[in-house]
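The following paragraphs lead the reader through a molecular model, from its backbone geometry to its interior. Please keep the sequence and the structure in view while reading.

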Amino acid sequence: MKETPAKDDVEYWRWQEYHRVLSDKTWKDKDVITAGVDVGSVGSKAAIMIDGEIYAWGIMRTGSNSPESATKALNWALEGTGLRHNDLKYIVGTGYGRVNVPMANKAITEIACHAKGANYIWGSSVRTVLDVGGQDIKAIRIDETGRVVSFLMNDKCAAGTGRGMEVFADLLKVSIEEIGDFSLKVETEPEPVSCTCVAFAKTEAMGLLRKGWSKEKVLAAYTRAMAVRMANLINRVGLEKELVITGGQSKNVGIVTRIENVLGVKTLPSPKWRENGLDPMVAGAIGAALLGKALYDKSQKT
Amino acid sequence: MGTQSVKVVILKDGHVVGRARTYSGFDPSKSAEEACAEALKKAKLTSSEVDHVTATGSGMEMALTSDSTVSMMGADARAGVALFSNARTVIDVGAEEARAVKCDDHGIMVDFVVNERCAAGAGAFIEAMARALEVKLEEMGPLSLKAERASPINASCVIFGESDVVTLIHRQESKPEIARAVFDAMSDRVSSMLFRLGLTPDVVLVGGVAMDVGFVASLKRKLGVEILIPEHPEFAGALGAALVAAGRVR
């Protein structure tokens with residue numbers, strides 16, 4: 001008999017860890033195979049590319065040990081490809097834990113990697129990238145080649161970050177993967193909450209629930225407030241179309257829809273990652289692998 | 001009517017005759033009633049003998065028996081100057097909010113700043129970090145005083161601070177140094193708030209967090225000025241409200 005966990009044991013914050021190999025591609029010995037490993041504060045992502053084309057990737061939760069998380073993520077991305085570490089010509093580490101990627105030939109900031117990765121996923125029309133990660137939010141302006149023009153970052157506050165959303169998922173007992181859809185189940189959009197501090201969320205949200213607000217409405221008000229913060233960051237860096245969203249929160253339809261509403265601009269739609277499309281959460285790792293390819297090519301020329 | 005506790009002060013002919021505190025809990029109105037009853041008992045008075053009740057604090061509208069209200073800033077200013085006649089800046093750090101009031105020699109508020117949107121500058125921060133460190137809240141201050149230096153910690157947010165503290169514990173950093181880092185991070189936030197107001201001496205610190213020796217030591221280091229702390233700093237708001245009430249009796 002399958003055991004169902006007791007209600008309080010459900011880990012509402014837990015998101016899906018997975019890996020994928022694109023079956024329509026194969027590798028040959030002469031191919032330049034590179035890897036990007038993006039060790040974020042919440043998720044570790046690795047991407048494998050053949051001659052600058054995506055081949056496989058893996059996503060898992062970052063553990064307490066960054067080097068270990070980097071190795072695990074890379075091994076997971078390699079699983080089922082027949083590739084071994086020595087087949088990788090160049091490995092770039094990125095993300096919050098980038099200096100702790102033991103096998104990397106080089107570490108590059110996640111800002112450059114997300115810029116490059118967004119350019120790869122959505123094409124050369126992308127000019128503004130909002131990367132909403134586990135513990136920071138970055139608004140990045142890029143050129144048609146995916147190079148960073150300018151950027152702004154908020155890393156001082158958990159409101160709107162993946163970590164903040166995990167706290168909400170737990171608090172309201174809604175799975176993190178459904179929290180976006182859930183927040184859109186309101187007939188009329190409530191006013192955003194005035195205080196977005198995640199640490200206060202418990203008392204604030206309880207107060208609203210006590211007032212008779214539905215969970216959906218509470219979540220809508222918070223998501224709205226967080227979307228406003230992100231829209232402000234985008235406006236400060238200067239919004240230029242096309243706009244795309246990368247990072248874990250790009251999967252939160254509640255956030256994405258509200259950012260679009262606040263800015264009055266549509267984002268380029270995310271690829272359908274559940275159905276074999278690329279995953280915008282892997283943008284940093286993809287960008288890292290691409291930059292790795294460029295560095296490898298350069299090293300071969302000299 | 002604070003976010004965490006309700007404080008009551010009873011004044012008779014300008015002297016404090018009763019004081020009581022209860023947790024705000026689920027029903028702050030009821031907690032207020034209980035605190036009033038306890039303070040009256042200590043003062044050996046009955047509620048009918050009280051001429052005027054003034055409420056203050058973030059939950060002031062939940063004090064059902066009050067005759068009037070006064071803003072938290074107004075109450076802080078009145079109390080600060082009543083406690084220390086030369087007070088011109090009153091800093092109040094509570095459980096969920098920090099504020100600072102500039103006042104004149106009559107205890108009238110001239111200007112103020114508030115941090116109410118972020119837990120990193122309030123008592124809630126120390127509480128969360130004490131939990132992460134597995135140290136009792138009241139032990140945090142004395143613990144931090146044992147440290148010569150502070151651990152490197154990016155504690156600008158309670159949520160991130162918690163995971164930072166866990167990482168530091170795993171790295172076997174000393175608890176006193178982590179505790180000191182927590183107070184330094186907090187006084188950083190409070191002092192950056194004060195920067196907008198300007199610091200006019202004498203500087204008085206009130207609110208529940210003023211009882212924490214670790215925070216006080218850190219704030220002194222940060223501000224580089226003498227900080228005056230009354231005997232019962234957590235009752236300052238209630239005292240200010242009582243002083244306002246006394247003025248409203250006739």
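A residue is termed buried if 20 or more other C-beta atoms lie within 10 Å of its own, exposed if 12 or fewer do, and partly exposed in between. The model under discussion is predicted, and this scale of burial serves for what follows.

The backbone offers a starting point. Most residues other than glycine have a negative phi, and most peptide bonds are trans. Against that background, A:D51 has a positive phi, near 45 degrees, although this residue is not a glycine. A:D51 sits in the loop of chain A that runs between β3 (43-50) and β4 (53-61). Is A:D51 buried, exposed or partly exposed? Because 14 C-beta neighbours fall inside 10 Å, A:D51 counts as partly exposed.

Chain B provides another positive phi outside glycine, at B:Q172, where the value is about 60 degrees. B:Q172 belongs to the loop between α5 (158-170) and α6 of chain B. Only 7 other C-beta atoms lie within 10 Å of B:Q172, and this residue is therefore exposed.

Cis peptide bonds come next. In chain A, such a bond joins A:K241 and A:E242, with omega about 0 degrees. A:E242 is located in the loop between α6 (215-237) and β10 (243-246) of chain A. In chain B, the bond from B:P201 to B:D202 is cis, its omega being near -5 degrees. B:D202 is placed in the loop that separates α6 (175-197) from β8 (203-206) of chain B.

The interior can now be considered. The largest nonpolar core comprises 166 residues, and A:V37, A:A47 and A:I48 have the most contacts inside it. Helix α6(A) gives the most to this core, with 11 residues. At least three residues of the core come from each of domain 1 (7-121 + 277-301) and domain 2 (126-267) of chain A. Which residues does A:A47 touch, leaving aside its neighbours within four places in sequence? Its contacts are A:A35, A:G36, A:I54, A:W57, A:A77, A:V282, A:A285, A:I286 and A:A289.

Helix α7 of chain A, residues 253-263, completes the tour. Its buried residues are A:G254, A:I255, A:V256, A:R258 and A:I259. The elements that cover these buried residues include α4 (179-183), α6 and β10 of chain A. Just after α7(A), A:G264 adopts a positive phi of about 70 degrees.

Key: Residues numbered from 1 in each chain as written. Chains lettered and ligands numbered in written order. Predicted model: local features only at pLDDT ≥ 70, side-chain atom pairs only at ≥ 80, totals over all residues. Helix = DSSP H or I, 4+ residues; strand = E, 2+ residues; numbered from the N terminus. Core = buried A, V, L, I, M, F, W, Y, C linked by C-beta atoms within 7 Å. Domains from an automatic or database assignment. Contact = placed C-beta atoms within 7 Å.
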